[in-house]
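Me: I am new to this structure and would like a close look at a single part of it. Please take the sheet in the first chain, and then show how the rest connects to it.

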Amino acid sequence: MKTKIALLILFISGSLLAQEQKMSAAEIAAFKEDVNVVSKKIKTLSTDFVQYKHLDFLSKDIETSGKMNFKEPNLLQWQYKKPYNYSIVFKNGKILINDEGKKSAVDIGNSKIFARINKLIIGSVSGNMFDDKEFTISYFKLKGQNLAKFIPKDATLKKYIKQIELTFDKEEATVVQVKLLESSEDYTRIVLKNKVINAKIDDSVFSN
Amino acid sequence: MQKSTIPFFLINCFLALILVSCGSVSKNYTPKKLDKTTYEAPYFSDSKTDYVYKANITVYGNELSGIFIAKKINDTTHRVVFTTEFGNKLLDFEISETSFKINSIVSELDRKILINTLKEDFRLLLKKDYLIQEQFENESNDIYKSKDGKRDNYLYVSKKEEKLDKIIHTSKRKEKITLIFSSENNIFAEKIQIIHQNINLKIELNYFKPEENTSN
């Protein structure tokens with residue numbers, strides 16, 4: 001009987017492990033190359049997103065959704081449409097906010113943390129943030145997907161984000177999900193859908 | 001993920017404040033015989049409900065926004081979390097009438113004066129049980145007076161629908177904090193305003209309507 005249970009446990013844990021398998025060095029190199037090739041081609045990117053805020057003590061995740069627009073080299077708009085209208089634009093050292101029609105701007109000048117955040121968002125969405133200086137990165141295989149886990153090295157950044165997990169579609173080598181972990185229990189999961197690469201996006205989109 | 005930097009320096013405004021203006025409580029209301037000795041505030045009392053609101057904070061003309069989340073975690077205590085729109089936690093605490101425990105706070109908000117202000121506001125917002133000592137009325141409301149340490153709370157309950165419309169927290173002579181509720185069913189408040197009379201601070205909470213289709 002004991003043996004049976006032990007076997008069963010082994011089987012279950014074995015199959016759990018199988019869902020998230022570490023990549024070999026060769027697989028990592030091939031995966032990074034795929035992502036880099038795709039992300040280098042990105043001049044513009046727009047995508048719908050659904051954001052799930054998970055807090056362990058809540059009975060349900062908090063769901064918000066909207067659209068994200070990016071245009072090279074560093075124009076970024078993150079726009080929530082449901083359940084409220086809230087849009088934030090990163091542009092030329094400024095953050096422009098439109099909160100249900102109430103507009104405000106924040107000048108962040110040459111703030112290093114701003115540059116880092118901007119890079120992080122664009123990196124998260126385009127997938128190209130394999131920077132070993134900034135992160136300790138580990139790579140995994142899932143069914144039809146690849147997963148990269150980034151642990152920030154910078155102490156300031158680490159205070160806010162414990163870990164970033166990017167899930168990639170294996171075929172397209174693009175990001176389908178961003179997960180930002182604040183602690184082991186609390187995280188934000190952003191699912192990207194209907195991604196359009198290199199369609200024309202007018203600059204006025206980023207005026208907010 | 002940009003959370004922190006964006007609105008934080010606005011917070012400094014919290015530090016620059018604390019001016020005292022006068023807003024004397026003119027109670028021209030008619031005293032009335034007590035029709036009850038206790039009152040239960042309904043709006044944050046259900047332990048099964050996730051109370052999720054869009055929060056807009058105006059402090060000395062500056063705006064700060066985010067998401068306000070409250071949940072009753074046991075008979076006496078609520079867990080309260082304030083995040084940015086992006087979901088980053090700015091402040092996470094547990095509060096009851098007698099206890100207050102901070103689980104996490106970003107360093108930009110970690111100021112005693114701000115924490116004490118929010119603690120007072122949210123303790124009042126989440127308080128459920130009131131003992132009534134006096135009662136008044138005006139045209140539209142029954143007004144219950146409830147002692148709160150050295151201060152008083154005045155609860156305005158509409159005569160017509162028996163909804164809790166307003167709570168005024170006062171010192172002996174001055175109004176300190178006013179909470180205004182908009183509720184359709186007196187179970188849940190769709191909109192809440194927290195207005196300070198002695199500092200230029202206003203917090204507005206608007207209920208998040210849950211999405212019907214939670215697809216993934």
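Reply: What follows goes through the sheet of chain A strand by strand and then turns to chain B. The model is a predicted one.

Chain A holds four helices and twelve strands. An open sheet of twelve strands, paired antiparallel, runs through this chain in the order 1-8-9-10-11-12-2-3-4-5-6-7. At the edges stand strand 1 and strand 7 (102-107) of chain A; each has a single partner strand, so one side of each is left without a neighbour in the sheet.

Start at the edge formed by strand 1. Strand 1 of chain A, residues 21-22, is joined by two bridges to strand 8 of chain A, residues 135-142, and the two run antiparallel. Gln21(A) has Lys141(A) as its bridge partner in strand 8 of chain A.

The next step in the order leads from strand 8 to strand 9 of chain A. Strand 9 covers residues 145-152, and eight bridges tie strand 8 to strand 9 in an antiparallel arrangement. Within this pair, Ile137(A) of chain A lies opposite Phe150(A) in strand 9. Strands 8 and 9 of chain A form a hairpin with two residues between the strands, and Gly144(A) takes a positive phi near 75° there.

Strand 10 of chain A comes after strand 9 in the order. Strand 10 spans residues 163-169 and is joined to strand 9, again antiparallel, by six bridges. Here Gln145(A) is paired with Asp169(A), its bridge partner in strand 10 of chain A. One general point helps when looking along such strands: in a regular strand the side chains alternate between the two faces of the sheet.

Two totals describe chain A as a whole. Of its 208 residues, 27% count as buried. Among the contacts in chain A with a separation of 6 or more, 46% are between residues 24 or more positions apart.

Chain A also meets chain B: 33 residues of chain A are in contact with 29 residues of chain B. On the chain B side, helix 1 (5-16), strand 3 (51-59), strand 4 (62-72) and strand 5 (78-83) each supply at least two residues. The largest share there, five residues, comes from strand 4 of chain B. By type, the residues on this side of chain B comprise nine nonpolar, nine polar and eleven charged.

One residue of chain B that touches chain A is Phe208(B), whose contacts include Pro83(A). Phe208(B) is located in the segment after strand 15 (201-207) of chain B. In its own chain, Phe208(B) touches Val52(B), Tyr53(B) and Lys54(B), leaving aside residues up to four places away in sequence. Phe208(B) and Tyr51(B) are 157 residues apart in sequence, yet 8.5 Å apart in space from C-alpha to C-alpha. Phe208(B) counts as buried because it has 20 C-beta neighbours inside 10 Å.

Helix 2 of chain B, residues 112-126, completes the view. At 1.5 Å a residue its 15 residues should span 21 Å, and the end C-alpha atoms are 21 Å apart, which agrees. Buried in helix 2 of chain B are Leu114(B), Thr117(B), Leu118(B), Phe122(B), Leu125(B) and Leu126(B). Seen down the helix axis, these buried residues fall within an arc of 145°, so they line one face of helix 2 of chain B. Lys112(B) and Asn116(B), on the other side of this helix, are exposed.

Notes: Residues numbered from 1 in each chain as written. Chains lettered and ligands numbered in written order. Predicted model: local features only at pLDDT ≥ 70, side-chain atom pairs only at ≥ 80, totals over all residues. Pairing = 2+ DSSP bridges. Contact = placed C-beta atoms within 7 Å. Nonpolar A, V, L, I, M, F, W, Y, C, P; charged D, E, K, R; others polar. Buried ≥ 20, exposed ≤ 12 C-beta atoms within 10 Å, placed from the backbone. Expected span 1.5 Å × (residues − 1). Arc of directions from axis to C-beta.
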